[in-house]
Amino acid sequence: MQEVTAEIIAIGDELLYGQIQDTNSHWISQQLDQIGVRVVRKTTVGDNEKDILHAFSSAEKRANIILITGGLGPTKDDLTKPLMAKYFNCSIEPVQEAIDDVKIFFEKRGRELTPLNKLQGHLPTKCTYVRNAMGTAPGMWFEENGAVWMSMPGVPHEMKHLMEVFVLPKIKELFPLPVIYHKVIKTVGIGESWLADMIIDWEDALPSHIKLAYLPSLGQVKLRLTAFGDDYDQLERNVLVEIEKVTPLIKTYIYGFDQETLEEAVGKILIHQNKTVSFAESCTGGYISHLITSVPGSSNYFNGAIVPYHNQFKSDLLDVNILTLKDHGAVSEETVIEMAQMVRKKFKSDFGLASSGIAGPGGGSPEKPVGTVWIACASEKGVKTKKLQLAHDRALNIQYSAIAVLSLLRKQLTNENF
C-alpha cells in the first residue's frame, strides 16, 4: 500500500510574530496520524503573496494532501482565496449557495449582511464549496495538480468542524489508508536516555511492523508504540504482547497509558487505597492543588491545601517553628518536613505534601541558587524528602516541582523506591 502524505500550511503574520500560537497544525497532525496519513511538513507563512505561492508550489511536490488554515477573512490582508485562484489559474465568482449561507449566518445573529461580508460567498471557480456552519469563512476543496487541497478558516473551532464533518471523511473516501494502532506507555521519574538503556534489548527485538517513539516532556517520558497492518484487532493484540514483555523492565516508572495524566493516576490509587491527601504549597503557589482538583471525583481524596507564600504564614498557618525558618531558611529540608507534617495534621489526611523553593528569576544566592526546591511527603510511616535543582525559568520550575511532588506521592502510595 502506497503511503499517503500531507502538508499543513498555516497562513498569517500573527503566527510569525508570535501573537497567536499555531495550535491548528498540531491538532490537524494528530487527526491525520490517527487515520494513517503521514504529515511530511508543517509550514507557517506570513501574509505575503510571494511566500504563500512558494509554499503552495513546494507543498504539492511533497504531499498528496495539502491542508491550509487562515487568510480567509473579508479584508484586503486576507490573501488565501485570491492567491489560490491565481495559483490554479481561475477566476473568483459569486456562489449563490455560499452567499445565502453567509446571509443566514448574519440574520440568525440579528446583523445585516454588508457588501464586504457578501464577498465571503465569492469563490474560485475550480473549488468545491464546503459550508462552514460555525462561521462565515467558507471551506474550499480543490483537486488540482495531482493533489487534493483544502482551505479552512484559522479560527480553531471552525477549522475543527470542517475537518470532522468533511475533510477526514473525504480523505478516507479518496485514499486507501493503512490500519494503524497506537498505544502510549507513560512514565515518570526517569530520563529518556536511562529509560532507553533499560529497554534496549526489548526495543531491538520489536517486530518490523511495530515502531517505538520516545516522547519526552517535563519530568516524564512517553513511549509510543505504533503498529501498521491490515487488521486493527490483530495489531492491538501484537502491541499488548510487547507491552507485557517490557512492563517488568520498567514497572516502577509506569504510571499509566494513553491519555491518562499523572494526577489522574495518583487519584485512582488514592481512591483504591481509601486514602486522603493535603498540600502545603509555597513555590508552587497552588498549582499542585489545581492539578489534583482538575480530576473529577477528587473530593473523595483531596482534603485541602494551604499556600503559605510568605514566611510569616508558614509559621502562623502551619505552625512551622520560627527557629527552623531562622536557622535553615524557608527553602530547606527541615522546613518542608515541618510543612508536610503540619498540613497533614491540620487537614487530618493520610498524606501531607509540601513544596518550598526559589522559582526565579530572582531571589537566589550562591548557597541556594534559583531553581533550588525542596519537597516532602509525610505519612504515618514518616517523612520522605527530595531536593530538586531546576532551571532559571519560573513557569517550568513550578510545573516540574508539581510533577515531582505527585511522583513522590505516587512512590509512597505504591511503596516504590526509585
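Colleague: Which class does glutamine 312 fall into: buried, partly exposed or exposed?

Modeller: Bear in mind that this is a predicted model, where local features need pLDDT of at least 70, side-chain atom pairs count only at pLDDT 80 or more, and totals for chains, interfaces and linings use all residues. Residues are numbered from 1 along each chain as its sequence is written, and side-chain values use heavy atoms, leaving out hydrogens and water. Buried means under 20% relative accessible area and exposed over 50%, with partly exposed in between (1.4 Å probe, protein chains only). Glutamine 312 comes out at 42% relative accessibility, so the label is partly exposed.

Colleague: Where is glutamine 312 found?

Modeller: Helices (H or I, at least four residues) and strands (E, at least two) are DSSP runs, numbered from the N terminus. Glutamine 312 is found in the run covering residues 311-316, helix H13.

Colleague: And how is threonine 335 classed, buried or exposed?

Modeller: Threonine 335 lies in helix H15, residues 333-346. Its relative accessibility is 0%, so threonine 335 counts as buried.

Colleague: What does threonine 335 touch?

Modeller: Contact here means heavy atoms within 4.5 Å. Skipping residues up to four places away in sequence, threonine 335 touches Lys314, Val320, Thr324, Leu325, Gly329 and Ala330.

Colleague: Which element gives the largest share of the largest nonpolar core?

Modeller: A nonpolar core is a set of buried Ala, Val, Leu, Ile, Met, Phe, Trp, Tyr and Cys residues joined through side-chain atoms within 4.5 Å. The largest one holds 31 residues, and Val277, Phe279, Leu353 and Leu409 have the most contacts inside it. Elements giving two or more residues include strand S13 (277-281), strand S15 (351-357) and helix H16 (394-414). The largest share, eight residues, is from H16.

Colleague: What is leucine 409 in contact with?

Modeller: Leucine 409 is among the residues with the most contacts inside the largest core. Leaving aside neighbours within four places in sequence, leucine 409 is in contact with Val266, Leu270, Val277, Phe351, Leu353 and Cys377.

Colleague: How many Å apart are the end C-alpha atoms of H16?

Modeller: The expected span of a helix is 1.5 Å times one less than its number of residues. H16 has 21 residues, so it should span 30 Å; the model agrees, with the end C-alpha atoms separated by 30 Å.

Colleague: Which residue caps the N-terminal end of H16?

Modeller: The cap is a polar contact, meaning a pair of N or O atoms within 3.5 Å; within protein, one must be able to donate a hydrogen and the other to accept it, and residues adjacent in sequence count only if both atoms are side-chain atoms. Here a side-chain oxygen sits 3.1 Å from the backbone nitrogen of alanine 395, and the capping residue is aspartate 393.

Colleague: Why do S2 and S6 each have one side without a neighbour in the sheet?

Modeller: Two strands pair if DSSP finds at least two bridges between them. The open sheet of six strands runs S2-S1-S3-S8-S7-S6, with mixed pairing. S2 and S6 stand at its edges, so one side of each lacks a neighbour, since each has a single partner strand.

Colleague: What direction does H7 make with S8?

Modeller: Axes are lines fitted to C-alpha atoms, for helices over the stretch in contact, and angles run from 0 to 180 degrees between N-to-C directions. Helix H7 (residues 156-174) packs on the six-strand sheet and touches S3, S6, S7 and S8. With the direction of S8, H7 makes about 170°.

Colleague: Which residue in the turn between S7 and S8 has a positive phi?

Modeller: S7 (residues 139-144) is mostly covered, with five of its six residues buried. S7 and strand S8 (residues 147-152) pair antiparallel over five bridges, with glutamate 143 opposite valine 148. They form a hairpin with two residues between them, and the one with a phi of about 55° is asparagine 145.

Colleague: Which helix lies across S9, S10, S11 and S12?

Modeller: These four strands form an open, antiparallel sheet in the order S10-S11-S9-S12. S10 and S11 pair over eight bridges, and alanine 213 stands opposite arginine 224 in S11. The helix spans residues 232-250 and runs at about 20° to S9: helix H10.
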